[in-house]
Amino acid sequence: SSGINAEYGALLAPVVIPALSLGLAKLPTEQLAVGLTAAIPLLALSKLMQIKANFQNGHTGQLSFITSLMNVLGTMARLFTVVQEVEDQIILVNAATVFLLNFIIIVQFLVYWNVTPAVPAEKKSQ
């Protein structure tokens, strides 16, 4: 049944995503600002949970270094563009927050580079 839902989602996405985009484009600036402001803690929370998990585990686990590096480079480019082109402080805070948290994950990769995750005892016995 989940395969059917995925198929419907794939079929609906080309229609739903542009419709949502057009709807967002027609929102007043104040409502867009509220949405962007609300997104900052959500974005930060998702990254902070990953940073905390990496710290508690003492390694980065299955996280991809290349993907994380692309994330930090992309957010660095976005931050540079926002600083140069946009005067909206909310967008600047959003871009800076995401860049900083992505950068912390890259630092964790460097700190835990040679650390390998411990194999649980039940897997060792098998």
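User: Is valine 16 buried, partly exposed or exposed?
Analyst: In this predicted model, valine 16 lies in helix 1, which spans residues 2-25. Its relative accessibility is 38%. Buried requires under 20% and exposed over 50%, so valine 16 counts as partly exposed.

User: What is the accessible area of the nonpolar surface patch that includes Val16?
Analyst: The patch is formed by Tyr8, Leu11, Leu12, Val15, Val16 and Leu20. Val16 belongs to helix 1. Together the patch residues have an accessible area of about 640 Å².

User: Which element of the chain has the highest mean pLDDT, and which the lowest?
Analyst: Over the chain the mean pLDDT is 85, and 90% of residues reach 70 or more. Among the elements, the highest mean, 95, belongs to helix 3 (residues 65-85). The lowest, 61, is that of helix 5 (residues 121-124). The names asked for are helix 3 for the highest and helix 5 for the lowest.

User: Which residues make up the largest nonpolar core?
Analyst: This core has six residues in all. Helix 3 and helix 4 (89-111) each supply at least two of them. The members are Val72, Leu79, Val82, Ala95, Phe99 and Ile106.

User: Which residues does isoleucine 106 touch, not counting those up to four places away in sequence?
Analyst: Ile106 is a member of the largest nonpolar core, as is Val72. Val72 is also among the residues that isoleucine 106 touches. The full set is Phe65, Ser68, Leu69 and Val72.

User: How many residues are in the second, separate core?
Analyst: Among its members are Ala44, Leu101, Ile105 and Phe109. The total for this second core is five residues.

User: Is asparagine 94 buried or exposed?
Analyst: Asparagine 94 is placed in helix 4. Leaving aside neighbours within four places in sequence, asparagine 94 is in contact with Leu36, Ala39, Ile40, Leu43 and Arg78. Its relative accessible area is 5%. The cut-off for buried is under 20%, so asparagine 94 is buried.

User: What is the relative accessibility of asparagine 54?
Analyst: Asparagine 54 sits in helix 2, residues 29-57. Beyond neighbours within four places in sequence, its contacts are His59, Thr60, Leu63, Gln108 and Tyr112. Asparagine 54 counts as buried, at a relative accessibility of 2%.

User: How far apart in space are alanine 77 and alanine 95, C-alpha to C-alpha?
Analyst: Alanine 77 is in helix 3 and is partly exposed, with a relative accessible area of 42%. Ala95 belongs to the largest nonpolar core. In sequence the two alanines are 18 residues apart. In space, alanine 77 and alanine 95 are separated by 9.5 Å.

Terms used. Residues numbered from 1 in each chain as written. Predicted model: local features only at pLDDT ≥ 70, side-chain atom pairs only at ≥ 80, totals over all residues. Heavy atoms only, no water. pLDDT = per-residue confidence, 0-100. Helix = DSSP H or I, 4+ residues; strand = E, 2+ residues; numbered from the N terminus. Core = buried A, V, L, I, M, F, W, Y, C linked by side-chain atoms within 4.5 Å. Buried < 20%, exposed > 50% of the residue type's maximum accessible area, 1.4 Å probe, protein only. Contact = heavy atoms within 4.5 Å. Patch = residues over 30% accessible without salt bridge, like charges linked within 9 Å, V, L, I, M, F, W, Y side chains within 5 Å. Areas by Shrake-Rupley, 256 points an atom, 1.4 Å probe, with all protein chains shown as cover. Salt bridge = Lys/Arg side-chain N within 4 Å of Asp/Glu carboxyl O.
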